[in-house]
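This briefing is meant to be read beside the sequence and the coordinates, and it moves from one pair of strands outward to the rest of the fold. Please keep the structure open while following the points below.

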Amino acid sequence: MPPPPSVKVIEEARVAMPATAPLPPEPLRLSALDAQWVTLPLIQRLLIFVDGAGSIPSFESAVAALRASLAETVARFPPLAARIVHQPATGDAAIDCTAAGVAAAGGARFLVAEMGADAARLAGEEEHDAAAFGRLVPALDAGHLPAETMATQVTQLRGGLALGVAVHHAVADGRSVWMFLEAWAAACRGEGSEGAAAAAPAFDRAAVKLPGGEELARAVLRKYAPNLPMAAVAGHLIRPNLSRRTFTITAQDMRRLKQRITDDLSPAAAAPPPSSFVAVAALAWVSFVHTKHPAGIVSADDEVYIFFFADCRTRLDPPPGGNYFGTCISGCLARTAARDLLAENGLSVAAAAVAAEIRRAAVDPLAGWDWMSTVEGVNLDRLVNLAGSTRFSAYEATDFGWGPPGRTELVTMNHDGQVVVVAGKKGGDGGAGGVQASVSLHPAHMDAYKSHFLSYFG
């Protein structure tokens, strides 16, 4: 693949929230769930809009609409126009979205750029142009506290535009990012005030009740970010030169996949039909093992793993609620012998293992809160790292007034065996119910992975 065209930054500005926006009187101290992410990779989400139907306004008009609606939206999400600060007197880290903190941050960074790449090509190719994607999302100044919490980039492309958003993972998890993007899109469409009271995000970290409370959060910071205010991103997690592709599972294909899993289950299991998440997780896991086994990386006797996060918002006691904006996820690790997934009924075995781990997380949602300890000692060459949710409405919720994006991707994929799932586009086979799965893998293994992944839909 030829090198991508360079990006030319036309403008770098700050989008400040209105002076009348209600702000908390004190900084929001990070919970232990937030604190684990202070030095970890950022969330970089990319939306590519293709002007095939002429629905996108002029680039200048689109930028003006995005800028104005972003100011309106960060007024509802003040942590995204703030900074993460270190409080050395107590050892805390906090999101300073008080009036003084927001003034010091100066607003959310807003870049306007242009790039000579074709929007339809970037949105349409199965294989990612990872280098181009990386230039269409901003990076955050996050290696030292105070650290910015969000930056956005709007880039003019040939035949469309790209919207890149970077959010600090200590401020938001995946569900929070989609909550923000949906609100921003609604505001850009002129619907920002509709249902604002019912959907008002909640930010109070005290609502997340963890044993040890504030002292637990400080202990997490001492363990994972011992050199604060230095908070350098953990470089050992970045693996370059990975191949990345996106697979679309239609609603019809998803029904077939679920039926195959159900048919292969033992009648004695009496298990309910798998959810879309369980089905696609099982497919991703089995395809990974079938790919790595002939390559000599996984033997039949090896233990293999799949790691994913469970949303705890409605499972904690008391629950912080579905509108909680922050990091509120707990780690889940399913494991089995590779030979079990290599067997003829490997897909149903994988599905049962994933479903069992989800049930465990529902009963004890905090068991995996220290997720980095959960994966300690796990051989990463035998691990599938699954991120996202089949409930994230990545396309329909991000219509900024000119139709859904032609493609949306998580740019921050850095593991050989990482899979990111979101709800797919509405298609012609029954509409909703499809899933998009993006896969990061060693280039030598991607074709074999694709062949096995798609074999279930033949």
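Strand E4, which covers residues 83-87, pairs with E7 in the antiparallel sense, and two bridges join them. The model described here is a predicted one, and its protein chain contains 13 helices and 16 strands. The radius of gyration of the protein chain is 22 Å, close to the 23 Å that the globule rule gives for 458 residues, so the chain is as compact as a globular protein of that length. Taken along the principal axes, the box filled by the C-alpha atoms is roughly 60 × 55 × 40 Å.

**The four-stranded sheet**

- The pairing of E4 with E7 belongs to an open sheet of four strands, in the order E2-E5-E4-E7, whose pairing is antiparallel.
- At the edges of this sheet stand strand E2 (28-29) and strand E7 (147-148), each of which pairs on one side only.
- Where E4 meets E7, Ile84 stands opposite Ala147 of E7.
- E4 also pairs in the antiparallel sense with strand E5 (residues 92-96), here over five bridges, and in this pairing Val85 stands opposite Ala94 of E5.
- E4 and E5 form a hairpin with four residues between them, and Gly91, which lies in the turn, has a positive phi of about 85°.
- As background to that value, most residues other than glycine have a negative phi.

**The six-stranded sheet and the helix across it**

- A second open sheet to examine has six strands in the order E1-E6-E8-E9-E3-E14, and its pairing is mixed.
- Strand E1 (7-15) and strand E14 (407-410) are at the edges of the six-stranded sheet with a single partner strand each, so one side of each is left without a neighbour in the sheet.
- From one strand to the next, the twist of this six-stranded sheet averages 15°.
- E1 pairs with strand E6 (residues 108-118) in the antiparallel sense over eight bridges, and the bridge partner of Val15 in E6 is Ala108.
- Helix H6 (residues 174-188) lies across strand E3 (43-50), strand E8 (150-158), strand E9 (160-167) and E14, and the helix runs at about 135° to E9.

**Packing of H2 with H6**

- Helix H2 (residues 59-74) packs with H6 at an angle of about 125°, and the axes of the two helices are 8 Å apart.
- Because angles over 115 and up to 145 degrees fall outside the perpendicular and antiparallel ranges, H2 is oblique to H6.
- The crossing in which H2 passes H6 is right-handed.
- On the H2 side the contact is made by Ala65, Leu66, Ser69, Leu70, Glu72 and Thr73, while H6 contributes Phe180, Ala183, Trp184, Ala187 and Cys188.
- Sorted by character, the residues of the contact of H2 with H6 comprise eight nonpolar, two polar and one charged.

**Packing of H9 with H11**

- Helix H9 (residues 276-292) and helix H11 (residues 346-363) pack at an angle of about 125°, and their axes lie 8 Å apart.
- That angle makes H9 oblique to H11, and the crossing of H9 and H11 is right-handed.
- The residues of H9 that make the contact are Phe277, Val278, Ala281, Ala282, Leu283, Trp285 and Val286, and those of H11 are Gly346, Leu347, Ala350, Ala351, Ala353, Val354, Ala355 and Ile358.
- In the contact of H9 with H11, the residues divide into 14 nonpolar, one polar and no charged.

**Cis peptide bonds**

- Most peptide bonds are trans, and the following cases are therefore worth locating in the model.
- The peptide bond from Leu228 to Pro229 is cis, with omega near 15°, and Pro229 is placed in the loop between helix H7 (213-224) and strand E10 (243-249).
- The peptide bond from Asp317 to Pro318 is likewise cis, with omega near 0°, and Pro318 is placed in the loop between strand E11 (303-311) and strand E12 (329-337).

Terms used:
Residues numbered from 1 in each chain as written. Predicted model: local features only at pLDDT ≥ 70, side-chain atom pairs only at ≥ 80, totals over all residues. Heavy atoms only, no water. Axes fitted to C-alpha atoms, helices over the stretch in contact; angles between N-to-C directions. Parallel < 35°, antiparallel > 145°, perpendicular 65-115°, else oblique. Left-handed = near helix turned anticlockwise from the far one by under 90°. Contact = heavy atoms within 4.5 Å. Nonpolar A, V, L, I, M, F, W, Y, C, P; charged D, E, K, R; others polar. Pairing = 2+ DSSP bridges. Rg over C-alpha atoms; globule rule 2.2 N^0.38 Å.
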